[in-house]
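Here is a short note on the empty spaces in this model and on what fills one of them. Please read it with the structure open.

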Amino acid sequence: MAIVLTGDRPTGKLHLGHYAGSLKNRVKLQDEYKSYIMIADTQALSDNYENPEKIKISILEVVKDYLAVGIDPKKCTIFIQSLVPELAELTMYYMNMVTIARLGRNPTVKNEMQQKGMEESVPAGFFCYPVSQTADITAFKAEVIPVGEDQLPMIEQTNEIVRRFNHTYKKDVLVECEAMLSNVRRLVGIDGNAKASKSLNNAIFLDDDESVIKEKVDAMYTDPQHIKVSDPGHVEGNVVFEYLDAFYSDKQEVEDLKQQYIKGGLGDSVLKSMLFDCLKDMLKPIREKRRSLVESELLQMLMDLSKVARDVAKDTLYDVKEAIGINY
Ligand code: TRP
């Protein structure tokens, strides 16, 4: 059975961007693959080292989101990164398999550094997080990584390190992986920004109440030139259509509505109320499941499953040290 692994940094609750981009895929995959999901608290600390409490609190929020969307802990090993210290040790050995110059060219890290204004003051831990991500993936010999588009450079970098390691130590211990992208590679923010995100304050969260969903849908950016219902409208860059594309089940109906909108005669409020109904129905069971979960049980589950994950990582660490020739 092929192995799938993915993870999220716990920095807050998950939103529709996560849901469309990879959570839905993970739910499907858990029946066909041996699945791991890692809560990347160590990685989250690399850009939140001054705020560990936020990370700690968010671990539970993220687990709740996972279970609420249908990830089943009986099928999927959900674990906490820092409870698997072997990952940190693997990272040390992989650090030698990559140059500073190569790390500096990683577009995802470069982007994030710019966004967070850390260009001059980037912590080494953050700069090197692609190496720790390589450890996360290879420790479980994962082959398939369901992620959003922004993570593609991580997969590329992982495979470079894998090849370099196997070549250097002349043994095929590590396994290359590939990304699995969902149809929705990146969900736009409700304000029309290219990406829905918590920090931009433009996302709909999985546990938003109906009144909040309504407010956010009403606030969605559409077409500023579409003033009267009879005016012809634009579909590209129109957030309501992007969300209907991502979440409305009847794709043909959405196509028909687009044609009508382009011609003129279809008002934003009709579309927004359709989208609201769709999101309301989709999120209601998720929110209810989320609120029914018991925190102490979740913590126990995470402890137990992290032990399971740790045993797997231990085996890989043994193989890695064996390949280098340092199992003293
Ligand atoms: N970098 C990912 C993020 O920012 C989280 C992550 C850490 C991850 N390790 C991983 C994702 C391994 C996939 C596989 O969300």
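1. Start with the largest cavity. Its lining consists of V4, L5, T6, R26, L29, Q30, S35, Y36, I37, I71, C76 and P146. Keep in mind that the model is predicted.

2. How much space lies in the largest cavity? About 60 Å³. The count of cavities of 30 Å³ or more comes to 1.

3. Which elements supply at least two residues each to the lining of the largest cavity? They are β1, α1 and β2, the last of these spanning 34-39. By class, this lining has 8 nonpolar, 3 polar and 1 charged residues.

4. Now turn to the pockets. The largest pocket has a volume of about 1500 Å³. It is lined by 49 residues, and H18, E112, D150, Q151 and K195 are the closest to its centre. Several elements give two or more residues to this lining: β1, α1 (16-29), α6 (107-115), α8 and β4 (144-146). The lining of the largest pocket divides into 15 nonpolar, 19 polar and 15 charged residues.

5. Where does the ligand sit? It occupies the largest pocket. Two elements give two or more residues to the shell around the ligand, namely β1 (3-8) and α8 (129-139). The most comes from β1, with 4 residues. Please check β1 on screen: this strand also supplies at least two residues to the lining of the largest cavity.

6. Next, the shell itself. There are 14 residues around the ligand, and R9, Q43, Q133, D136 and Q151 come nearest. By class the shell holds 6 nonpolar, 5 polar and 3 charged residues.

7. Three side chains deserve a look at the nitrogen atoms of the ligand. For Q43, a polar side-chain atom lies 2.8 Å from a ligand nitrogen. For Q133, a side-chain N or O atom is 2.9 Å from a nitrogen atom of the ligand. For Q151, the corresponding value is 3.1 Å, again from a side-chain N or O atom to a ligand nitrogen. How much of the ligand does the protein bury? Taken alone, the ligand exposes 360 Å², and the protein buries 91% of that.

8. Q151 links two of these points. This residue is among those nearest the ligand. Q151 is also one of the residues closest to the centre of the largest pocket.

9. Last comes the second largest pocket. About 280 Å³ of space lies there. Of its 17 lining residues, T42, Q81, A88, T91 and S132 are the closest to the centre. At least two lining residues each come from α2 (41-45), α4 (86-95), α7 (124-127) and α8. The largest share, 4 residues, is from α4. By class, the lining of the second largest pocket splits into 8 nonpolar, 8 polar and 1 charged.

10. One element to follow through the model is α8. This helix gives two or more residues to the shell around the ligand. It also gives two or more to the lining of the largest pocket. In the second largest pocket, α8 supplies at least two lining residues.

Technical notes
Residues are numbered from 1 along each chain as its sequence is written. This is a predicted model: local features need pLDDT of at least 70, side-chain atom pairs count only at pLDDT 80 or more; totals for chains, interfaces and linings use all residues. Side-chain values use heavy atoms; hydrogens and water are left out. A residue is near a molecule or strand if one of its heavy atoms lies within 4 Å of it. A polar contact is a pair of N or O atoms within 3.5 Å; within protein, one must be able to donate a hydrogen and the other to accept it, and residues adjacent in sequence count only if both atoms are side-chain atoms. Accessible areas come from the Shrake-Rupley method with a 1.4 Å probe; for residues, only the protein chains shown count as cover. On a 1 Å grid over the protein atoms alone, a cavity is a set of points where a 1.4 Å probe fits but cannot get out, and a pocket is an open set with protein on both sides within 12 Å along at least five of seven lines; lining residues have an atom within 4 Å of a point. A molecule sits in a cavity or pocket if more than half of its atoms lie within 2 Å of its grid points. Ala, Val, Leu, Ile, Met, Phe, Trp, Tyr, Cys and Pro count as nonpolar, Asp, Glu, Lys and Arg as charged, and the others, Gly among them, as polar. Grid points are joined across faces, edges and corners, and a volume is the space filled by probe spheres set on the points.
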